[in-house]
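Let us walk through this structure step by step, beginning with its strands and then turning to chain contacts and helix packing.

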Amino acid sequence: MDPLALLPLPAATFHILLAVADSDRHGYGIIQDVAARTGGELKLSAGTLYRSIQRMLEQGLIVETADRPEPELDDERRRYYRITPFGREVARAEAGRMAKMVEFARASGFAPGRAHGRA
Amino acid sequence: MWERILLRLLPASFRYEYAAEMGAIHAQRRRDCAGIWSRIGLCLEMTADLVVTAVAAHCEILRQDVRQSVRTLARSKAFTLAAVAVTALGIGATTAAFSIADHVLIRRLPFADVDRLAMLWESIPGYSRMEPSPANYRDWKSMNSVFESMGAYRGLLVNLSGSGQPESLEGSSVTADLFPMIGARPALGRVFSAGDDRDGAAGTVILSDGLWRDRFGGDSGVLNRKILLDGAAFTVIGVMPPDFYFPERKVPLWTAMRFAPSDFEDRTNYYLNVLAKLRPGVSAAQARQQMTLISVELERLYPKDNHKVTAYVGDLRELVGPRARVLLTALAAAALCLLLMTCTNLANLLLARGLMRRKEIAVRTALGAGRERLVRQLLTESMLLALAGGLVGIAFAAEAAPLLAKLVPNGLPIAETFSIDGRVIGLALLLTTLTGIGFGAIPALRTTDAAMSGLREGSRSGVGGRRERLRGLLVVAQVSSSVVLLVCCGLLIRALWQIENTDPGFRPEGVLTLRTSLPMPKYEKTAPRLRFYEQVLTGVRALPGVKAAGYTSFLPIVLGGGIWPVRVDGAPPDANAKDRASLRFITPGYFAAMRIPLVAGRDVAESDTVTTLAVAIVSQSFVRRHWPNQGPLGRHFRLLDTDWTVAGVAGDVRTRGLERTSEPQVYLPYRQIADGSLPWYAPKDLAVRGTGDPATLVAAIRRIVAKADPEQPVSDVQSLADLVATDSAPRVVHLRVLGGFAALAFLLAVVGIHGLLSFAVSSRTQEIGVRLAVGARPANIFAMVLRQGAVLCGAGVAAGLAAAYGAGMAMQAALAGVRPDDPITFLAGSAAAVIMALAGSILPAVRAVRVDPLSAMRSE
């Protein structure tokens, strides 16, 4: 499937992809990671989270992983999610799209940066 | 606890996957927050989140299922078309039938505070609802305390002349309190006020929208213009809006009703219609109670005139006659029957398809689809089918509505055309949804059930007994509903035959009828009237091809009323109250034109005048009633305060139409009406018997009338045969609609039987092959399939005939005396069911015989 077909990604989906980019995480872990990354600005609700996860699983952006952490850190109710290569591709494509948008915004003087400085 | 309830809102598949983790997250959150307020906040947040998630998840699944269903349905076009067509038929028929029943029977009449309106009648011995007389109306009005207002109206026959062709109109004359009481507001000008209905006030008239447009070109300058009604000037004071009807649909104008002191003299002069509005908070029962007391008081005051007279407080809806009510209810019931049949056909289609798809569904189950998801998917499919069918059906009903307009009775203040409004569409959509869910759920459950077990058992394609029993039951239901419809239709056909074979008492073939109603101030004196009749009749009788011509006050069927009390010599006074006869003034030649036989004595003659002996021709039933087994000629009776001598006896005539019993008739010579008395009874209906097609005479007769009086309009031109046919016209239309329903039901039942047996045969191919291989004769196989059809049909017929008898009992008011257990009809219904069974089973039986034993067993 063409990664571009999924763009633009819903904000929650993009944040979840970022959260699982470097390590497998369970649901609550994702919520915490997103909150930390955004300085508490975005707190995903459980419903939003799992609806996104369900769709992302269907789209093949993430998979459930059978690898579990050390037993003393584990809670058996938890499921862990891992980003797929396709998920990485899509996240990159989305980041590129956003970067381009920022470029455009700069050119129009809506965002600080080089374009604005030159003008 | 609360959380667990909320989690139940989620779709099962979603819940199964994620509920535990969501619970864990919520628990974690709760641990993280301190303080009662933040906990409450968290709880609210969680509630909102779960509700939103549940809705979104359900929508998501629905979207997927719809997409999937559209794809699957598009692949099997024949099935989809059949299912949509079948549903459309059922929903369409039901919607159309319900909208007309709603329009006529259910929807509130378009009057203000319609729940508080009541019709008041006089009950006299023999007649439960008689038009009240002005004197009793006046006394009711002044003596009661239960009604906030009371008004009266009556029919008004006037000739409108002046601008353009003179025209005879059937308007209405109303008291001034009537329009305000029903909340009628004019589109232009004003309605009547108290000054208008005073005796001697200047004439005022209100026009209907139709008359205003047709006759006055919709010109608003018509207000304050004077128009001529029966030669007298009336000022136009208002125009009503297009959707205003009172008291009947076709009324073109209204004048103010005035009572002269003389109108209150005769308490038995019944001619008013009285409408009253209950005071707020007063019940109809209370009103009845008080009106009964008032009646007792009036009887005490006027023991002779008001002997046994009571007041009857009725509902406005009673204006819909019992026949129309029964016929419309039957129509709605028939439509429901048809809906049930289409639903069972749909269920059968879905069941058969489900069994066919067992493998596909088993595979999907194996791939991890939960049963809940599969059932949901199948239900979405049936809902989609039902919705598509429902929409087509509603569109079909909207198209068919104008065709049903003929079933709307004329005597009601409602429009003839009816629209299918939001309520009916809502009902249709509800029915559609119920159809989709109700008749999709069982097949869906059965199908997934079969798929689960099918996977375990391998792919043996036998059909489970339970499943086949269910389908068999559906077919039995179909057969019995179609038998009910067929029998009801048969009963109504028999009733129609009965009515058409009823002898009206005259021979309608070859007779032309028309009306010249003479305007009253101009023709109040008998002399000009007699001149007019003489001129017209002489002219008409001289026309080539005319055999006889005569005038009467009212033709039979056109007017059933005109009933007067009669008193026969020596009869005790108590019996008098019951003795009534319908009164007509006629010219010589009327009996000959109508071919009403004179069985004794003579016809009225030109020589019977006010100066000669008052003579009467009475009907045979009049003689039977008053002088049984005695010679009637030369006997006397009193009517209209005059003593009449019987000069002749005529055959009985069905004055009230073919379906009702009529009073005995009295015919009086037209020259014996005194000057200025009984203007309403002045002969106005002309009957002309010709040798050829009566229509060819119309132009010549119009010329003759115009020559006698250029301002005199001719109206109601029709053949007597057409006039008799109009009497049963709504019945014929109704029968056609019901007949169409019955034919559809028959077809659906055949399709149902055929579908079931074909499926049974194809799923028993191997068994049949084995039977043939071990030596069963094709005739046995043929008989086996037919037997199955016969059993289904037999069960259906038995149930159907029992239900049909019940339906017949309920329809008795519309059966014109045909017994609801009429054996011929029931036999015909059963015979139709046998044909149905044969037609449905013949093809599957032939296919069963053609099974090739070798290939059938090889496929195993």
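In chain B, strand β3 (residues 147-161) and strand β7 (residues 226-229) run antiparallel and are joined by two bridges, where helices (H or I, at least four residues) and strands (E, at least two) are DSSP runs numbered from the N terminus, and two strands pair if DSSP finds at least two bridges between them. This is a predicted model, in which local features need pLDDT of at least 70 and side-chain atom pairs count only at pLDDT 80 or more, while totals for chains, interfaces and linings use all residues. Residues are numbered from 1 along each chain as its sequence is written, and chains are lettered from A and ligands numbered from 1 in the order in which they are written.

Within the pairing of β3(B) with β7(B), B:Leu160 has B:Leu229 as its bridge partner. The side chains of β7(B) alternate: B:Ile227 and B:Leu229 point to one face and are buried (20 or more other C-beta atoms within 10 Å of the residue's own, with C-beta atoms placed from the backbone), whereas B:Lys226 and B:Leu228 point to the other face and are not buried. β7(B) also pairs with strand β8 (residues 232-239) of chain B, in the antiparallel sense and over four bridges, and there B:Leu228 has B:Ala233 as its bridge partner. These two strands, β7(B) and β8(B), form a hairpin with two residues between them, and B:Asp230 in the turn has a positive phi of about 50°.

Chain A has an open sheet of three strands in the order β1-β3-β2, with antiparallel pairing. Its edge strands, each pairing on one side only, are β1 (25-26) and β2 (62-65) of chain A. Two bridges link β1(A) to strand β3 (residues 80-83) of chain A, and A:His26 stands opposite A:Tyr80 in β3(A).

Where the chains meet, 12 residues of chain A are in contact with 15 residues of chain B, contact being defined as C-beta atoms, placed from the backbone, within 7 Å. On the side of chain A that touches chain B, α2 (27-37) and α3 (46-59) of chain A each supply at least two residues, and the largest share, five residues, comes from α3(A).

Finally, helix α20 (residues 720-763) and helix α23 (residues 823-849) of chain B pack at an angle of about 30° with their axes 8 Å apart, the axes being lines fitted to C-alpha atoms over the stretch in contact and angles running from 0 to 180 degrees between N-to-C directions. α20(B) and α23(B) are therefore roughly parallel to each other, a term used for angles under 35 degrees.

Note on methods:
A residue is buried if 20 or more other C-beta atoms lie within 10 Å of its own, exposed if 12 or fewer, and partly exposed in between; C-beta atoms are placed from the backbone. Two residues are in contact if their C-beta atoms, placed from the backbone, lie within 7 Å. Angles under 35 degrees count as roughly parallel, over 145 as roughly antiparallel, 65 to 115 as roughly perpendicular and the rest as oblique.
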